[in-house]
Amino acid sequence: MEIIGVIIAGAIIGALAKLVMPGKQAGGIIITILLGIVGVIIGYYLAAALGVEATKGIDWIRWIISIIVAVVLIAIYGAVTGRRNTTV
């Protein structure tokens, strides 16, 4: 993927990961995008390792794996920075 595509995918995946997580998470928009980008990259490699093949159109399985990875990364970021989730 091109760099712009990775940034856009990272922003979408990061936003969806924060939406899935309960409460308010640590990190602003830049951290969300960066963790989303890392989630996309790791998610795509993990999907390839699991044997998920590219399909025409949207690769829903790869996106779901990327969102799960991003959720884990956001939780780790919150734990490392000492910020905890607070329920709204």
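**Exercise 1. Which residues have the most contacts inside the largest nonpolar core, and how many residues does that core have?**

Before we start, a quick word on the model. It is predicted, so local features need pLDDT of at least 70 and side-chain atom pairs count only at pLDDT 80 or more, while totals for chains, interfaces and linings use all residues. Residues are numbered from 1 along each chain as its sequence is written, and side-chain values use heavy atoms, with hydrogens and water left out.

Step 1. Get the term straight: a nonpolar core is a set of buried Ala, Val, Leu, Ile, Met, Phe, Trp, Tyr and Cys residues joined through side-chain atoms within 4.5 Å. Buried means under 20% relative accessible area, exposed means over 50%, and partly exposed is in between (1.4 Å probe, protein chains only).

Step 2. The largest core has 14 residues, and I13 and I74 have the most contacts inside it.

Step 3. Now see who supplies it: α1 (3-20), α2 (29-49) and α3 (60-81) each give at least two residues. The top supplier is α3, with six residues. Helices here are DSSP runs (H or I, at least four residues), numbered from the N terminus.

Step 4. Zoom in on I13. Leaving out residues up to four places away in sequence, I13 touches G36, V40, W63, S66, I67 and A70. Touching, or contact, means heavy atoms within 4.5 Å.

**Exercise 2. Find the buried residues of α2 and say what they pack against.**

Step 1. Check the helix itself. α2 has 21 residues and reaches 30 Å from its first C-alpha to its last, close to the 30 Å expected at 1.5 Å a residue. The expected span is 1.5 Å times one less than the number of residues.

Step 2. List the buried ones: T32, L35, G36, I37, G39, V40, G43 and A47.

Step 3. Look at the neighbours: these buried residues pack against α1 and α3.

Step 4. Step off the end of the helix. Just after α2, G51 takes a positive phi of about 90°.

**Exercise 3. Is S66 buried or exposed, and which residues does S66 touch?**

Step 1. Place S66: it sits in helix α3. The 22 residues of α3 should span 32 Å, and the end C-alpha atoms are 31 Å apart, which agrees.

Step 2. S66 counts as buried because its relative accessible area is 1%.

Step 3. S66 touches I13, G39, V40, G43 and Y44, again skipping residues up to four places away in sequence.

Step 4. Widen the view. The buried residues of α3 include R62, I65, L73 and G78, and their cover includes α1 and α2.

**Exercise 4. Compare I7 with I8, then find the surface patch that holds them.**

Step 1. I7 is found in helix α1, and so is I8.

Step 2. I7 is partly exposed because its relative accessible area is 37%. For I8 the value is 48%, so I8 is partly exposed too.

Step 3. I7 touches I33 and I37, not counting residues up to four places away in sequence. The C-alpha atoms of I7 and S66 are separated by 14 Å, with their positions 59 residues apart along the chain.

Step 4. Both belong to a nonpolar surface patch made of I3, I4, I7, I8, I12, L16 and L19, with about 670 Å² of accessible area together. Patch members have over 30% relative accessible area and no salt bridge, and nonpolar side chains (Val, Leu, Ile, Met, Phe, Trp, Tyr) are joined within 5 Å, like charges within 9 Å. A salt bridge is a side-chain nitrogen of Lys or Arg within 4 Å of a carboxyl oxygen of Asp or Glu. Areas come from the Shrake-Rupley method with a 1.4 Å probe, and for residues only the protein chains shown count as cover.
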